[in-house]
Amino acid sequence: VAASDEIHALDAATGEQKWRIPFEHPMTAPLTSAGDLLIGVFETDVAIAFAAADGRAVWTRALGAPSRHAAVSNGLRVFFALDDSRVVALSLLDGAPEWERKLEGTLNQPSVARDRVFVGSNNNYLYALDDDRGRLAWKWRTGGDVIGVSADARGGAYYASLDNVLRAVNRGNGNQRWIKEIPTRPALPPLTFGDGVLY
């Protein structure tokens with residue numbers, strides 16, 4: 001649990017406190033669980049990886065710009081969507097920079113599935129990047145600002161946009177699978193449950 005100036009680790013079965021560690025600057029995005037690490041993004045444009053077992057700082061890396069979105073990880077890398085329209089990939093092991101990609105517009109919450117990193121933008125595009133080198137695999141124009149995307153292990157990506165539509169596309173090439181109108185404006189990104197059975 002991230003509080004105003006500390007991270008608290010609680011036992012899942014009993015609620016007993018296991019450890020707590022302070023941090024100096026406010027967090028700007030939710031904590032992310034990535035393997036044995038917790039990834040925090042802070043007001044100083046810095047990402048810190050904490051060991052989930054005891055809270056010690058494993059690595060620290062300057063991002064060069066703020067981020068308001070939780071990082072995502074594929075088990076090898078951790079990905080950040082920054083306010084300066086860059087997507088940055090760091091090594092999960094030691095925080096070393098692996099690649100960065102400049103996109104267009106204001107980016108939103110990223111998502112990762114298999115070999116793709118997905119991120120939407122307020123310029124009406126959904127972007128798909130290769131996770132290993134950050135190459136643009138494809139981009140798809142939408143009828144409104146993309147507010148978020150989720151993906152599943154079956155190869156689908158699902159995104160909501162401010163034209164009140166939820167779309168499903170193929171992870172590999174961006175081809176549309178189906179489209180569904182939403183009766184009210186979506187406020188948050190879609191989520192997938194049960195290996196993509198429900199959206």
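Is Phe50 buried or exposed? Phe50 counts as buried, at 5% relative accessibility, where buried means under 20% relative accessible area, exposed over 50% and partly exposed in between (1.4 Å probe, protein chains only). Let's go on from there with a few exercises.

This is a predicted model, in which local features need pLDDT of at least 70 and side-chain atom pairs count only at pLDDT 80 or more, while totals for chains, interfaces and linings use all residues. Residues are numbered from 1 along each chain as its sequence is written, and side-chain values use heavy atoms, with hydrogens and water left out.

**Exercise 1. Work out how Phe23, Phe42 and Phe50 are linked.**

Step 1: Take the rule for rings. Rings of Phe, Tyr and Trp (its six-membered ring) pair if their centres lie within 6.5 Å; planes under 30 degrees apart are stacked, over 60 edge-to-face, and the rest tilted. By this rule there are six aromatic pairs.

Step 2: Apply it to Phe23 and Phe42. Their ring centres are 5.2 Å apart and their planes stand at 65 degrees, so this pair is edge-to-face. Phe23 sits in the loop between strand S2 (17–22) and strand S3 (32–34) and Phe42 in strand S4, so the pair ties together parts 19 residues apart in sequence. Strands here are DSSP runs (E, at least two residues), numbered from the N terminus.

Step 3: Apply it to Phe42 and Phe50. With centres 6.3 Å apart and planes at 70 degrees, these rings are edge-to-face too.

Step 4: Combine. The ring pairs join Phe23, Phe42 and Phe50 into a cluster. Phe23 is buried at 10% relative accessible area, and Phe42 is buried at 3%.

**Exercise 2. Place Arg86 in its sheet and find the polar partners of its side chain.**

Step 1: Locate the strand. Arg86 belongs to strand S9 (residues 86–91).

Step 2: Lay out the sheet. Four strands form an open sheet in the order S7-S8-S9-S10, with antiparallel pairing. Strand S7 (72–73) and strand S10 (97–102) are at the edges with a single partner strand each, so one side of each has no neighbour in the sheet. Two strands pair if DSSP finds at least two bridges between them; S9 and S10 have five, in the antiparallel sense. One bridge partner in S10 is Glu100, opposite Val88.

Step 3: Look at the side chain. Arg86 is buried, with 11% relative accessible area. Its side chain reaches the backbone oxygen of Leu63 at 2.8 Å. A polar contact of 3.1 Å also joins the side chains of Arg86 and Glu100. Such a contact is a pair of N or O atoms within 3.5 Å; within protein, one must be able to donate a hydrogen and the other to accept it, and residues adjacent in sequence count only if both atoms are side-chain atoms.

**Exercise 3. Describe the setting of Tyr125 and of Asn124.**

Step 1: Start with Tyr125. Tyr125 lies in strand S13 (residues 125–130) and counts as buried at 19% relative accessibility.

Step 2: Check the ring. The charged end of Lys139 sits over the ring of Tyr125, 4.7 Å from its centre; the rule asks for NZ of Lys or CZ of Arg within 6 Å of the ring centre and within 35 degrees of the ring normal.

Step 3: Turn to Asn124. Asn124 is in the loop between strand S12 (116–120) and S13, and is buried at 16% relative accessible area. Its phi is near 70 degrees, a positive value in a residue other than glycine.
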